[in-house]
Amino acid sequence: MTDFKQEQDMEIEALEAILMDEFKEIHSGESGLNTSNRCFQIKVVAQDDDTDGPITNPAQLALIFSHTERYPDEPPLLNLKSLQGIHVEDLRILKEKLLQEASENLGMAMIYTLVTSAKEWLSDRFCQDSVDGSTEVEEAAKDDIVIPHGEPVTVETFLAWRERFEAELALERAKLMPESVLTAPKEKKLSGRQWFESGRAKGVAAVNEESDLEDEEDIDFDEDDFEDDDEEDMLEHYLAEKSDSSAHSSRRAS
């Protein structure tokens, strides 16, 4: 025959050892339960799954219980009281949940199981706001990330850009004519094509190849010395020579 009284006393001792200050015996008159048996109150606060202790949360309740004569073969008497921040409707919902769990755990000591379930319910119910807040912060951080837009760079597009850039750079450097040319009589000045095709253009090309290693001093020039047609001719001539040089290098490599 089951000794219900012995099982109940053993459970009380275990709860006192585990819960310590959160567990206390109260008078039946303040329990809200219709019984003259011993009544007990357990303070319940929300608990984070990643920690062993309670987390900062304003919601707190008191789980009040009393053993019936045939407990644990029948459910205990239960009552819930708000200690801080819990509405009556929330207490009603939680009490129904705990009574359902009690009926599912008949035949074994269940008070600690009910306390754990109440803590989890408080965490889900009252800690959700802080979780939502952190989610909003993460979403705001994502909005601050700038995603670049534009045409992706490929080998072909880069080579085409570099060839055009080098041609324009060569044209600009071709304009840096020697001082003697600038001071010569108008009829003796060379046209853009003549100067570019002369030996002086080779010196400009050599300077262009070494431009990444050392800085050069710019020489003033008069833009009127060049005609628009001369600049276009020079650019076409440079691109043609660039193409021939690339083809020659390809043949040597093969």
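This is a short conversation about salt bridges in a predicted model.

Mentor: Residues are numbered from 1 along each chain as its sequence is written, and side-chain values use heavy atoms, with hydrogens and water left out. Because the model is predicted, local features need pLDDT of at least 70 and side-chain atom pairs count only at pLDDT 80 or more, while totals for chains, interfaces and linings use all residues.

Trainee: Why is the contact between arginine 92 and glutamate 89 called a salt bridge?

Mentor: A salt bridge is a side-chain nitrogen of Lys or Arg within 4 Å of a carboxyl oxygen of Asp or Glu. The closest N and O atoms of arginine 92 and glutamate 89 are 2.4 Å apart, so the pair meets that definition.

Trainee: What makes Glu89, Arg92 and Glu96 a network?

Mentor: Arginine 92 forms a salt bridge with glutamate 89, and the side chains of glutamate 96 and arginine 92 also meet in a salt bridge, at 2.7 Å from N to O, so the three residues are linked.

Trainee: Why is glutamate 101 called buried, and what is lysine 97 called?

Mentor: Buried means under 20% relative accessible area, exposed means over 50%, and partly exposed lies in between (1.4 Å probe, protein chains only). Glutamate 101 has 17% relative accessibility and therefore counts as buried, whereas lysine 97, with a relative accessible area of 32%, is partly exposed.

Trainee: How do you know that glutamate 101 and lysine 97 form a salt bridge?

Mentor: Their side chains meet at 2.6 Å, N to O, which is within 4 Å, so the definition is met.
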